[in-house]
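The report below considers how a protein model meets its nucleic acid partners, and then turns to the interior of the protein. Please read it beside the sequence and the coordinates.

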Amino acid sequence: HVLLNFAYYKMSSSDSGHRKGPSAKDNPNYDLCEFLMELSAYERNVTRNTFKSNAYRSAASSLAAYPTRVTGAKEASSIKGIGKRISEKIEEFLSTGKLKKLEKIRTDDTSTALTELTRVSGVGPAKARQLYDAGITNIMELKKRTELLTHHQLIGLKYVEDFEKKIPRAEVQTIERAIRGSLSNMKQQYNMTVCGSYRRGSERSGDVDVLLTYDNVEVERKTVKLEESSSSLTKETNAKNEVAKKRKDISDGSSDEENHNKDNINTKKNRKLKADQKYTTSSPSGSSSDNKSYATNESSSPSANKESASKTNHRAMLQSVVHQLQKDNIVTDQLSLGDTKFMGVCRVPPEECYRRLDIRLLAPEHYYCGILYFTGSDLFNKDMRTQALAAGFTLNEYNIRPMGSTGVPGEPLHVNSELEVFDYIGMKYKQPSERNM
DNA sequence: ACGACAACGCATTGCC
DNA sequence: GGCAATGCGA
DNA sequence: GTCGT
């Protein structure tokens, strides 16, 4: 049962025991939600029917939000996401206390094995099947066959127990402080917000989801640099002006509810242009005297435009951040690392558990749509996107754009706070804690 | 009866 | 080597 | 499996 809860939480990344997060233990249909989630896991891991799996999960989610105990099939099928087949199953469960289909699944060796193997992060339905075909039926056996695993899966195996444990709110705060402390020692300063269910006020989180953005002055400086070293100036000049404009927008930005902007101080040190700065695209060169070893690639092709330049910068910046966190013994392992997203593992002693940590690096103009999106909840986002469409906008994790009459999205609107997004689409602002849907 | 069910970043594998 | 497809996660 | 067309 622990296992199934895990699968559920893993999918919903929501909290529990607070507000009305799906399947809080006090919900009157808790047992029904549980068996639906078990069926969801079965469809995912065994039959590999994602849509059925999602349908069961969606049904469980609706049921979790239902205020009273369901008493029969008729009542059940009135709930969104619950149709004929599921209401029949609910009926069976209510009258007999069990489900024949589920009893069978529980005793099925293949099903049991696949579900167990997918406890390992990085092992999905396909890999689990592959391992099972190789004769591996549980985690103990898997530990003897590590040559079959990718790097991600090895880390997942190493911490399989820890990753199933929820993170108490106080510990998320500890981790947050540790990261802030570590990053404050870098020359490049970052704006940071911890999102996910934590930001919605949850007492327990599945992982720590950090969003970072950088101050535009840095981008501007580099753009200038590119401009100087470039033979074709037009594009770069435009890019510079555009960035400068946005920079102004942000510094002018009225107060937002979290004061993000304010704790991101631009010290003179930051502004100082190191003429002799060594830019490298590779090794962050380790030396503690040069934390700011992310780089522009000066030797990049002369036609380098804004996009390619910022891409290069992002990659180096995120690498630099991760490097710093490793140096300070916060990040212990890495699952993946790219231009915009790091996924890995952290631990802040004296805590013994290793925790999943995600870091996303966003361009400043994407920051507020980013924290909105990554704060969730999933259902809240879905609802908000729908309302956005109704109001003539399209909203995603990067920006909000007006929908032209042709159906072609227009240019992204400037956004300097979460509130502004709500305003655009005529929605009353909701505190993060009010977004648990 | 029948298609949609979100879209995407990163790692790995498959293919040329 | 390069690019597409696949798996996985969230 | 459910929903909308």
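A backbone N or O atom of Pro-125 lies 3.5 Å from a phosphate oxygen of DNA strand C, and such a pair of N or O atoms within 3.5 Å is what is called a polar contact here, with the added conditions that, within protein, one atom must be able to donate a hydrogen and the other to accept it, and that residues adjacent in sequence count only if both atoms are side-chain atoms. The model is predicted, so local features need pLDDT of at least 70 and side-chain atom pairs count only at pLDDT 80 or more, while totals for chains, interfaces and linings use all residues. Residues are numbered from 1 along each chain as its sequence is written, chains are lettered from A and ligands numbered from 1 in the order in which they are written, and side-chain values use heavy atoms, with hydrogens and water left out.

The residues on either side of Pro-125 also place backbone atoms by phosphate oxygens of DNA strand C: for Gly-124 the distance is 3.0 Å, and for Ala-126 it is 3.0 Å. The table collects these backbone contacts together with those made to DNA strand B.

| Residue | DNA strand | Backbone N or O to phosphate oxygen |
|---|---|---|
| Gly-124 | DNA strand C | 3.0 Å |
| Pro-125 | DNA strand C | 3.5 Å |
| Ala-126 | DNA strand C | 3.0 Å |
| Leu-337 | DNA strand B | 2.8 Å |
| Asp-339 | DNA strand B | 2.8 Å |

In total, 14 residues surround DNA strand C, the closest being Gly-122, Gly-124, Ala-126, Lys-127 and Arg-356, where a residue is near a molecule or strand if one of its heavy atoms lies within 4 Å of it. Of the strand C atoms within 4 Å of the protein, 94% belong to sugar or phosphate, and the rest belong to bases. Helix H8 (125-133), strand S6 (341-346) and strand S7 (355-362) each supply at least two residues of this surface, and H8 gives the most, with 3 residues; helices (H or I, at least four residues) and strands (E, at least two) are DSSP runs numbered from the N terminus. By class, the surface near DNA strand C has 5 nonpolar, 3 polar and 6 charged residues, with Ala, Val, Leu, Ile, Met, Phe, Trp, Tyr, Cys and Pro counted as nonpolar, Asp, Glu, Lys and Arg as charged, and the others, Gly among them, as polar.

The residues around DNA strand B include Phe-51, Thr-150, His-151, Lys-341, Tyr-373 and Tyr-398. Sugar and phosphate account for 64% of the atoms of DNA strand B that come within 4 Å of the protein. A base is also contacted, since a polar side-chain atom of Tyr-373 lies 3.4 Å from a base nitrogen of DNA strand B. Strand S5 (residues 331-337) gives the most to this surface, with 3 residues, and by class the surface near DNA strand B has 5 nonpolar, 5 polar and 2 charged residues.

Tyr-373 also takes part in the lining of the second largest cavity, together with Cys-369, Leu-372, Asn-381, Met-384, Arg-385, Leu-395 and Asn-396. On a 1 Å grid over the protein atoms alone, a cavity is a set of points where a 1.4 Å probe fits but cannot get out, and lining residues have an atom within 4 Å of a point. The structure holds 7 cavities of 30 Å³ or more, and the second largest has a volume of about 70 Å³, a volume being the space filled by probe spheres set on the grid points, which are joined across faces, edges and corners. Helix H18 (367-375) and helix H19 (378-390) each supply at least two residues of the lining, which divides into 5 nonpolar, 2 polar and 1 charged.

Cys-369, one of the lining residues, counts as buried at 2% relative accessibility, where buried means under 20% relative accessible area, exposed over 50% and partly exposed in between (1.4 Å probe, protein chains only). Why does the sulfur of Cys-369 form no bond with the closest cysteine sulfur? The closest cysteine sulfur, in Cys-195, is 12 Å away, which is too far for a bond. The structure holds 0 disulfides, a disulfide being a pair of cysteine sulfur atoms within 2.5 Å.

Asn-45 lies in helix H2 (residues 30-45) and is buried, at 3% relative accessibility, and its side chain makes a polar contact of 3.1 Å with the side chain of Arg-44.

Terms used: On a 1 Å grid over the protein atoms alone, a cavity is a set of points where a 1.4 Å probe fits but cannot get out, and a pocket is an open set with protein on both sides within 12 Å along at least five of seven lines; lining residues have an atom within 4 Å of a point.
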